Amino acid sequence: QVQLAESGGGSVQPGGSLRLSCEVSGWTPNAMVWFRQNPGKEREGVAAIFTANSKTYYDDSVKGRFTISQENHKKTFYLQMNGLKPEDTAMYFCAASRYGPFGIWNSATMWEAWGQGTQVTVSS
């Protein structure tokens, strides 16, 4: 049984930085992704990484500010968030797939396993 665990969330002022971490156990993923979600809204893809070649993808809203990365053992993943804005406030989730995703990376249905989430709050 695969398990994912996020950490690193917190409360910061606009312009601040946070680094989220995701630890994976149970199997080695082919791809990892970070999503975020607020109450009453859809879960939206933030960034993805394909583990074999470290190819990355970003939502336009975070491009140039956020960086997704992995450790060499491909069991620990990060989301470095710089220049945080109030609109970045959300619950952030990591997710993993062994086989793909075989589809659009920012579709939540493409991912096999999810963590419980870590809250990021950006406010003055």
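Here's a quick briefing on the fold, the cores and a handful of residues in this structure. It's a predicted model, and what you get is an all-strand protein: eleven strands and zero helices. The biggest nonpolar core takes in 27 residues, and 43% of the protein's 124 residues count as buried.

**Overall fold and size**

- Reading along the sequence, you get β-β-β-β-β-β-β-β-β-β-β and that's the whole pattern.
- The radius of gyration is 13 Å, which agrees with the value near 14 Å that a compact globule of 124 residues would have.
- If you want box dimensions, the C-alpha trace spans about 40 × 30 × 25 Å along its principal axes.
- Take the contacts with a sequence separation of 6 or more: 58% of them are between residues 24 or more positions apart.

**Surface and charge**

- About 6,300 Å² of the protein is exposed, and carbon and sulfur atoms supply 46% of that area.
- There are 11 positive and 10 negative charges, and their mean positions sit 4 Å apart.

**The nonpolar cores**

- As background, nonpolar side chains tend to be buried together in soluble globular proteins.
- In the largest core here, the members that touch the most other members are Leu4, Met32, Trp34, Leu79, Met81 and Tyr92.
- Seven strands give this core two or more residues each: E3 (18-25), E4 (31-37), E5 (44-50), E7 (66-70), E8 (76-81), E9 (90-97) and E11 (118-122).
- Another core, with eight residues, lies apart from that one, and among its members are Ala31, Val33, Phe50 and Ala95.
- Tyr92 has a long contact list once you skip residues up to four places away in sequence: Glu6, Leu20, Trp34, Phe35, Arg36, Val46, Phe66, Leu79, Met81, Gly117, Thr118 and Val120.

**Arg36, a buried arginine**

- Arg36 belongs to strand E4, and it counts as buried because its relative accessibility is 6%, under the 20% cut-off.
- Leaving out residues up to four places away, Arg36 touches Glu42, Arg43, Glu44, Val46, Ser61, Val62, Phe66, Glu87, Asp88, Ala90, Met91 and Tyr92.
- From Arg36 to Met110 is 74 residues along the chain, and their C-alpha atoms are 15 Å apart.

**Ser21 and Val24 in strand E3**

- Ser21 is placed in strand E3 and, at 12% relative accessibility, counts as buried.
- Beyond residues up to four places away, Ser21 touches Ala5, Glu6, Ser7, Trp34, Phe77 and Tyr78.
- Val24 is also a strand E3 residue, and with 7% relative accessibility it counts as buried.
- With the same sequence neighbours set aside, up to four places away, Val24 touches Val2, Gln3, Leu4, Pro29, Met32, Lys75 and Phe77.
- Val24 and Ser11 are 13 residues apart along the chain, yet their C-alpha atoms are separated by 24 Å.

**Ile68 in strand E7**

- Ile68 is found in strand E7, and its relative accessible area of 4% makes it buried.
- Setting aside neighbours within four places in sequence, Ile68 is in contact with Met32, Trp34, Ala47, Ala48, Ile49, Thr56, Tyr58, Tyr78 and Leu79.
- Met32 is 36 residues from Ile68 along the chain, with 9.3 Å between their C-alpha atoms.

**Two loop residues with positive phi**

- For context, most residues other than glycine have a negative phi.
- Ser54 isn't a glycine, but its phi is positive, at about 60°.
- You'll find Ser54 in the loop between E5 and strand E6 (55-58), where it is partly exposed with a relative accessible area of 38%.
- Lys74 isn't a glycine either, and its phi is likewise positive at about 60°.
- Lys74 lies in the loop between E7 and E8 and counts as partly exposed at 24% relative accessibility.

Conventions: Residues are numbered from 1 along each chain as its sequence is written. This is a predicted model: local features need pLDDT of at least 70, side-chain atom pairs count only at pLDDT 80 or more; totals for chains, interfaces and linings use all residues. Side-chain values use heavy atoms; hydrogens and water are left out. A nonpolar core is a set of buried Ala, Val, Leu, Ile, Met, Phe, Trp, Tyr and Cys residues joined through side-chain atoms within 4.5 Å. Buried means under 20% relative accessible area, exposed over 50%, partly exposed in between (1.4 Å probe, protein chains only). Helices (H or I, at least four residues) and strands (E, at least two) are DSSP runs, numbered from the N terminus. Contact means heavy atoms within 4.5 Å. The radius of gyration is taken over C-alpha atoms; the globule rule is 2.2 Å times the number of residues to the power 0.38. Accessible areas come from the Shrake-Rupley method with a 1.4 Å probe; for residues, only the protein chains shown count as cover. Lys and Arg count as positive and Asp and Glu as negative; His and the chain ends are not counted. The place of a charge is taken as NZ of Lys, CZ of Arg, CG of Asp or CD of Glu.
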